[in-house]
Amino acid sequence: MKTKVNKLKKYFNKMFVGLALLSLVIALIYQQDVQKKDVLGVIQTGEPSAVRFEALEGNYPSYKLWDVAGNSLGYGVMADASGYGGKLNVIVIVEDSGLIKSVILVDNHETPLYLKKVVDSGFLNAFYDHPVEDNTTGVDTVSGATVTSKGILTAVQKGIVQIGNNELGLHISTGSSIIYDWKDLTVVGLILLAIISAACNLRKLRPWVLVLSVLIIGFLTNASLTLGNFSGLISGNFPIMVERPVWYILVPGLLIITIVWGRNIYCSWLCPFGAVQEGVFYSLNLINFSPSANVRSRVAQARWLMLWLAVMLALVFNNSGIASYEPFAVFFDGRGNTAQWVMTIIVVLFSIAQLRFWCQGFCPVGLILNFTARLKRKVKILMKQKRQDNSEPTQCTQCSNTKCAQKDDLLSSHDKILIGITVLVNALILMVLIQNIIQV
Ligand code: SF4
């Protein structure tokens, strides 16, 4: 009987995984379709009076515009550049006189809160009436959202240089579009240090590397890996390589290292929030909190559901930034929505009682990296099993006839506390996702 129930469970598990993957594929197809925008519709977001347009030559899609009476409205150009979460696209409307009339953000994959900061600062309006021949001189990036605002600035520069030089007979020089600076180089240096230390098994260096990661990846650059990064990767929203090379080292680079090495080096050597949780636990742990391994592993299963939901929402709303529900930005940059603040406080407080509380029960990034690290081992095991024509059962069967099964029913008070906190944090994650969608 027990074996039948187990078989049924396995069957349903496989079915749920299959359905989850299928729904993600459908959402991805839908997102690619949403990205194909109607040209006139996009132009009208920048110049509502435009009813007729004619395509012009150039690297970026650009158009001559007319109103209903046939009067010229100038030019519209759509250009893109790299933001924090991937490419962002703008449409710039330039009058025949060479003044910028409007800059509208058409698409982006930025963390909603950072984008809100840029928009609320009036950054997009700063281009109004700016002569294209001055390029973007005098328009400054927004502090605290530098990468996002620099991305918008770069996209505007690309657009107006094309219109100025090709249509208005000007000679505007292109500025540098490379966004990395010395801070990015410190991140690259730290990644190299961690790889070398891990490869040479220099465990004594680990605490120092983690302290550096808190300072550099945490507070200095706030460049922790997030689910938003992976969501961007899935949907193909990569930043332009020459503009944000550090993104390629951090996101696909670390992922490839994890797959090839079969080891999640980011979580053990580089993650600043993992380091903070360890620091909190080892320096403040005064409580003997010991929920059973069984309950811990069961409540952690909810991570898959949250991961799936966040990626689905990011695809459906065409913005990978929506998927970033982690507490990293709140902790290292003091930025987050209300639910994120409450969640971060709970997580940090509970890290006193349980080592790496967020990592073990909620973190989608750790889940992805651990899964990828295990892939290599799984492939190896599968190949070995094939060779041996293994007919032995690989699953633990003790649950069918031993105390193991009984343990499911006996919840200690610590188990109940853990279940309660897990439900609360997951409810807060849902609220974070909802607030992210509202802020887009
Ligand atoms: S599980 Fe998440 S928070 Fe923990 S170390 Fe890994 S990435 Fe960092």
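# How the parts are named and why

Author: Let's start where two helices touch: Leu210, Ser213, Val214, Ile217 and Gly218 of α6 meet Pro272, Ala275 and Val276 of α10. Keep in mind that this is a predicted model.

Reader: How do you know how the residues of the contact of α6 with α10 divide into nonpolar, polar and charged?

Author: We sort them by class. Ser213 and Gly218 count as polar, because Ser and Gly are not on the nonpolar or the charged list. The result is six nonpolar, two polar and no charged residues in the contact of α6 with α10.

Reader: What makes α6 oblique to α10?

Author: Start with the angle: helix α6 (residues 206-220) and α10 pack at about 130°, and their axes are 8 Å apart. Roughly perpendicular ends at 115 degrees and roughly antiparallel needs over 145, so an angle between those limits is oblique. That is why α6 counts as oblique to α10. As for handedness, the crossing of α6 past α10 is left-handed.

Reader: Why are α3 and α4 oblique to each other?

Author: The axes of α3 (residues 112-120) and α4 (residues 146-167) cross at roughly 60° and come within 9 Å. Angles under 35 degrees would be roughly parallel, and roughly perpendicular begins at 65, so a value between the two belongs to the oblique class. Hence α3 and α4 are oblique to each other.

Reader: Which residues make the contact of α3 and α4?

Author: From α3 come Tyr114, Leu115 and Val118, while α4 brings Thr148, Ser149 and Ile152. By class this contact has four nonpolar, two polar and no charged residues. The crossing of α3 and α4 is right-handed.

Reader: How do you know that α7 is oblique to α12?

Author: You can test this one yourself! Helix α7 (residues 227-235) and helix α12 (residues 302-316) cross at roughly 55°, with axes that come within 10 Å. The oblique class takes in angles from 35 up to 65 degrees, because those are neither roughly parallel nor roughly perpendicular. That makes α7 oblique to α12. In their contact, Leu227, Ser231, Ile234 and Ser235 of α7 face Leu307, Ala310, Val311, Ala314 and Leu315 of α12. These residues divide into seven nonpolar, two polar and no charged.

Reader: On to the strands. How do you know that strands β4 and β5 pair?

Author: We count bridges. Strand β4 (residues 87-94) and strand β5 (residues 100-107) run antiparallel and are joined by six bridges. Pairing needs at least two bridges, so β4 and β5 qualify. As an example, Ile91 has Ile104 of β5 as its bridge partner. Their hairpin has five residues between the strands, and there Gly98 takes a positive phi near 90°.

Reader: What makes β1 and β5 edge strands?

Author: The open sheet has five antiparallel strands in the order β1-β2-β3-β4-β5. β1 (52-56) and β5 each pair on one side only, and that puts them at the edges. From one strand to the next the twist averages 25°. Helix α4 returns here: it lies across β1, β2, β3, β4 and β5, at about 135° to β3.

Reader: How do the residues of the shell around the ligand divide into nonpolar, polar and charged?

Author: The residues surrounding the ligand are Cys267, Cys271, Phe273, Gly274, Arg356, Trp358, Cys359, Cys363, Val365 and Gly366. Elements that give two or more residues to this shell are α10 (272-284), α15 (357-361) and α16 (364-388). Arg counts as charged and Gly as polar, so Arg356 falls in the charged class and Gly274 and Gly366 in the polar one. The shell divides into seven nonpolar, two polar and one charged.

Methods:
Residues numbered from 1 in each chain as written. Predicted model: local features only at pLDDT ≥ 70, side-chain atom pairs only at ≥ 80, totals over all residues. Axes fitted to C-alpha atoms, helices over the stretch in contact; angles between N-to-C directions. Helix = DSSP H or I, 4+ residues; strand = E, 2+ residues; numbered from the N terminus. Left-handed = near helix turned anticlockwise from the far one by under 90°. Contact = placed C-beta atoms within 7 Å. Near = placed C-beta within 6 Å.
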